[in-house]
Amino acid sequence: MKKHFIASILSLSFLISISGCGGDKTAGNMSFQWEADGRSYTAIAMDEKGTPWVRLNCSYQGKAPEKPIDQEITRDWQTQNTDFYHYELTNLLEEDITLMDMSFRLKKGRNERIYETRGQDGIEKEFSAFVIEQGGSLERRNSWVFGMGQENVLHKIYTAKAGSGTIKIDTHLVYRR
């Protein structure tokens with residue numbers, strides 16, 4: 001009985017870790033390991049064969065940006081409820097990875113569909129580059145999210161290409177009042 005209980009707990013923990021944020025659908029083949037705060041996490045984006053391409057480290061910073069502020073914040077975060085994150089995409093392949101585009105989707109609202117897509121110019125504004133060099137990484141500081149309700153999740157979904165393969169990297173930015 002005790003072995004069965006432990007096996008059940010381990011299975012449940014595994015399902016929670018791979019399901020993404022609160023049962024929200026995730027683009028691409030991603031595995032997540034969420035921190036206790038339910039906002040910070042480490043994820044691995046893989047191809048269809050399960051080969052790891054990118055490690056995504058996302059850390060919640062709070063209700064204010066961390067200084068120095070290196071990119072303009074177009075939201076009045078001092079009077080409007082806003083959550084801030086830092087995230088980093090690290091190349092796990094032995095070749096460069098090119099980010100082709102970046103799409104936006106909300107967990108709640110806009111019919112849970114992609115509502116905007118930006119090309120490499122938009123990615124370059126976020127990271128100052130769109131290529132993750134072999135052994136390198138790209139970092140985005142003070143990425144922000146807000147919502148109209150009590151909570152939501154903004155998905156920033158990157159399409160990445162290396163060689164003849166393509167994957168999706170689904171960055172979850174959790175908003176809570």
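**Figure 1. Who lines the largest pocket?** In this predicted model, strand E8 (137–145) gives the largest share of the lining of the largest pocket, namely 4 residues. E8 has company here: E5, E6, helix H2 (120–127) and E9 each put in at least two residues as well. The space inside comes to about 610 Å³. Altogether 23 residues form the lining, and those that lie nearest the centre are Thr74, Phe104, Arg118, Trp144 and Leu154. What kinds of residues make up this lining? It's a mix of 9 charged, 8 nonpolar and 6 polar ones.

**Figure 2. A closed-off space: the largest cavity.** Now for a cavity rather than a pocket. Rolling a probe the size of a water molecule over the atoms shows where empty space is left. Counting cavities of 30 Å³ or more, the model has 1. The volume of the largest cavity is about 40 Å³. Two stretches of the chain show up in its lining: Ile69, Asp70, Gln71, Glu72 and Ile73 on the one hand, and Arg140, Arg141, Asn142 and Trp144 on the other. Sorted by type, the lining holds 4 charged residues, 3 nonpolar ones and 2 polar ones. You may recognise Trp144 from the previous view, where it was listed among the residues nearest the centre of the largest pocket.

**Figure 3. Strand E5 and its partners.** Here we look at strand E5, which covers residues 97–106. Is E5 largely enclosed or largely open? Of its 10 residues, 7 are buried, so the rest of the structure largely encloses this strand. E5 pairs with E9 in the antiparallel sense, through 8 bridges. One place to spot this pairing is Met102, which sits opposite Tyr158 of E9. Strand E6 (residues 116–118) also runs antiparallel to E5, with 3 bridges between them. Look for Ser103 here, since its bridge partner in E6 is Thr117. Then there's strand E7 (residues 131–132), again antiparallel to E5 and joined to it over 2 bridges. In that pairing, Ile97 faces Ile132 of E7.

**Figure 4. Asn152, a buried residue in E9.** Zooming in on strand E9 (residues 151–162), we find Asn152. Is Asn152 buried or exposed? With a relative accessible area of just 10%, it falls under the 20% cut-off, so Asn152 counts as buried. Where does its side chain reach? One target is the backbone oxygen of Lys108, at 2.8 Å. Another is the backbone nitrogen of Lys107, at 3.4 Å. Beyond its neighbours within four places in sequence, Asn152 is in contact with Leu106, Lys107 and Lys108, and also with Leu173, Val174 and Tyr175.

**Figure 5. Ile44, a partly exposed residue in E2.** The last view moves to strand E2 (residues 41–46), home of Ile44. The relative accessible area of Ile44 is 21%, and because that lies between the 20% and 50% cut-offs, Ile44 is partly exposed. Which residues does Ile44 touch, not counting those up to four places away in sequence? They are Asn29, Met30 and Ser31, then Pro52, Val54 and Arg55, and finally Leu92. Take Asn29 as one of these: it is 15 residues apart from Ile44 along the chain, with 8.4 Å between the two C-alpha atoms.

How values were computed. Residues are numbered from 1 along each chain as its sequence is written. This is a predicted model: local features need pLDDT of at least 70, side-chain atom pairs count only at pLDDT 80 or more; totals for chains, interfaces and linings use all residues. Side-chain values use heavy atoms; hydrogens and water are left out. On a 1 Å grid over the protein atoms alone, a cavity is a set of points where a 1.4 Å probe fits but cannot get out, and a pocket is an open set with protein on both sides within 12 Å along at least five of seven lines; lining residues have an atom within 4 Å of a point. Grid points are joined across faces, edges and corners, and a volume is the space filled by probe spheres set on the points. Ala, Val, Leu, Ile, Met, Phe, Trp, Tyr, Cys and Pro count as nonpolar, Asp, Glu, Lys and Arg as charged, and the others, Gly among them, as polar. Buried means under 20% relative accessible area, exposed over 50%, partly exposed in between (1.4 Å probe, protein chains only). A polar contact is a pair of N or O atoms within 3.5 Å; within protein, one must be able to donate a hydrogen and the other to accept it, and residues adjacent in sequence count only if both atoms are side-chain atoms. Contact means heavy atoms within 4.5 Å. Two strands pair if DSSP finds at least two bridges between them.
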